[in-house]
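Here are my notes from a first pass through this one, written up as numbered points. Have the model open while you read.

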Amino acid sequence: MQLARTPPPSMEALLYHAQMQGILPLTSRCNMQCIFCSNAYNPETCEVFTIPPRRLEEIEDSILWLTGSRGPIVIGESVTRITEGEPLTHPEFPQILKLLRQHYPDRIIRVTTNASLLNPELIGLLSELEVELMVSLNTVGHREQVMGDKQPESTLRNVEGLGGKVRFEGSIVALPFVTGWDDVSNTASFLKESGAWSIRIMSPGFSRLHPLWKDAASFDVDEARSFSQDLQKDLKIPVLFEPPGITSVTPVVEHVLPRSPARRAGIRPGDVITEVLRRRVMTRTEAFELIRDHEKPRVAYDRQGVLYETVINKQRFQPSGLVMYDDLDLEAWFEWERESRVKRRRVLVLTSALARPVIEDALELRGLTAAVEGVPSLFFGGNIEAAGLLTVRDFLAAYSEIAGQGSEFGAVTLPKRAFDPWGRDLEGVSYKTFEQLSGKAVVLA
Ligand code: SF4
């Protein structure tokens with residue numbers, strides 16, 4: 001089906017929007033060729049933009065746009081339509097970091113890197129400027145095959161050099177059908193021994209155009225999740241699996257970092273946060289952010305049916321040491337309740353299969369009724385499931401099936417993250433096209 005596409009916004013508008021969210025795009029160039037890179041094997045009509053290394057003066061001129069968000073300043077993570085490469089390939093990377101720290105002395109600055117271009121001088125600077133890293137290591141034993149790393153020993157030495165100097169997390173895209181589970185386990189152990197405070201293990205996501213998508217489709221997510229839990233027990237640091245497979249918004253604590261304010265306050269993994277600042281909390285994200293954003297927050301928690309109360313002795317915005325999965329932004333949820341008028345009319349929520357149980361749980365907690373359906377990705381296909389990668393094409397296909405069963409809805413909710421700020425999906429098709437073709441009002445949330 002041909003769907004009308006609307007013209008893309010200017011690069012300046014895209015950069016403005018990214019920076020207002022705390023994301024600083026630097027360059028789309030990369031010195032590796034990972035077999036799982038999300039920048040490759042996309043359908044032809046997928047709208048992504050590549051940028052050369054941005055000039056230092058341009059970054060300086062637009063640096064105040066970063067004040068639009070309160071959270072960390074993020075570099076090198078692909079979360080917008082601008083393809084992110086390896087930030088350390090930027091010739092002025094050290095100067096950019098100094099500029100950022102000068103303007104934002106108190107913000108967390110987080111850089112995602114493949115670590116191949118680190119050196120002792122740069123590690124010293126990262127340490128001095130208190131920049132945090134997400135080291136995308138992925139494998140210790142199959143680096144050339146998986147990432148195209150021509151100097152694997154050098155990269156691994158760089159990671160070892162971070163220990164005790166730079167705060168960092170490690171990430172692994174799990175490809176057991178290429179490397180075997182032993183390599184995933186060895187990579188996690190190597191990261192821990194090199195000083196990583198936490199590890200993220202990610203399920204591989206391949207479109208139908210990727211030669212490995214059938215192997216990825218056979219990836220057993222439940223097996224991978226329990227493998228990660230076992231690793232967490234062995235390594236005694238947080239090992240988080242993505243997607244987490246959460247089915248409720250209950251504010252469960254996954255891990256508590258050793259010697260952290262939360263640990264000193266007595267909170268343990270498995271505890272459920274019930275109140276923060278004497279206010280009842282509904283979701284993990286709400287509990288986590290309230291604790292993060294306040295000084296000495298008073299917290300009530302449930303441990304195996306017994307209620308406890310404590311004060312987490314920390315500064316405002318200082319990390320508490322609690323590790324929790326992200327679920328629902330409560331402010332956005334209440335805005336959706338108002339806009340969708342879910343209390344007064346029948347609403348259909350189209351989302352990813354992964355988000356469906358979480359939304360159903362939140363509806364139940366709020367005493368609301370809505371139909372929630374998980375939408376498969378036809379546009380990307382393969383084993384892609386994320387809500388942010390669904391398109392109008394996918395929503396229309398799911399809707400026509402549901403409407404064909406005779407259900408009537410007053411409005412349809414589509415996930416906001418599937419659209420850019422101009423309401424365009426990854427093909428450049430507006431959500432208004434969905435409204436025109438389905439005849440239903442859309443609420444983005
Ligand atoms: S290091 Fe990152 S950007 Fe570079 S090829 Fe690998 S996944 Fe892609």
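1. Let's start with β13. Its side chains split into two sets: Val 347, Val 349 and Thr 351 point one way, Leu 348 and Leu 350 point the other way, and all are buried. That fits a strand, residues 347–351, that is mostly covered, with five of its five residues buried. As a reminder, side chains in a regular strand alternate between the two faces of the sheet. Keep in mind throughout that this is a predicted model.

2. Which strands does β13 pair with? One is β15 (residues 411–414), joined to β13 by three bridges and running parallel. In that pairing, Leu 348 sits opposite Val 412. Another partner is β14 (residues 371–374), again parallel, with four bridges. There, Leu 350 of β13 faces Glu 373. To get from β13 to β14 the chain passes through helix α14 (residues 356–366), a β-α-β crossover that is right-handed.

3. Now have a look at Leu 444, in strand β16 (residues 441–444). Is Leu 444 buried or partly exposed? Partly exposed, because 14 C-beta neighbours fall inside 10 Å, and a residue needs 20 or more to count as buried. Leaving out residues up to four places away in sequence, Leu 444 touches Leu 414, Lys 416, Phe 419 and Tyr 431. As for β13, the C-alpha atom of Leu 444 is 9.7 Å from that of Val 349, although the two are 95 residues apart along the chain.

4. On the domain layout: the protein is divided into domain 1 (11–242), domain 2 (255–323) and domain 3 (330–444). The C-alpha centres of domain 1 and domain 2 are 28 Å apart.

5. There is also an open sheet of four strands, ordered β9-β8-β10-β11 and paired antiparallel. The edges are β9 (279–280) and β11 (306–311); each has a single partner strand, so one side of each has no neighbour in the sheet. For β11, look at the pairing with β10 (residues 298–303), which is antiparallel and has six bridges. Val 299 stands opposite Thr 310 of β11.

6. Last, the ligand. Which residues are around the ligand? The list is Cys 30, Met 32, Gln 33, Cys 34, Cys 37, Asn 39, Gly 85, Glu 86, Asn 114, Ser 136 and Met 147. Sorted by class, this shell has five nonpolar, five polar and one charged residues.

Conventions: Residues are numbered from 1 along each chain as its sequence is written. This is a predicted model: local features need pLDDT of at least 70, side-chain atom pairs count only at pLDDT 80 or more; totals for chains, interfaces and linings use all residues. A residue is near a molecule or strand if its C-beta atom, placed from the backbone, lies within 6 Å of it. Ala, Val, Leu, Ile, Met, Phe, Trp, Tyr, Cys and Pro count as nonpolar, Asp, Glu, Lys and Arg as charged, and the others, Gly among them, as polar. Two strands pair if DSSP finds at least two bridges between them. Domain bounds come from an automatic or database domain assignment. A residue is buried if 20 or more other C-beta atoms lie within 10 Å of its own, exposed if 12 or fewer, and partly exposed in between; C-beta atoms are placed from the backbone. Two residues are in contact if their C-beta atoms, placed from the backbone, lie within 7 Å. A crossover is right-handed if, with the strands pointing away from the viewer, the path from the first strand over the helix to the second runs clockwise.
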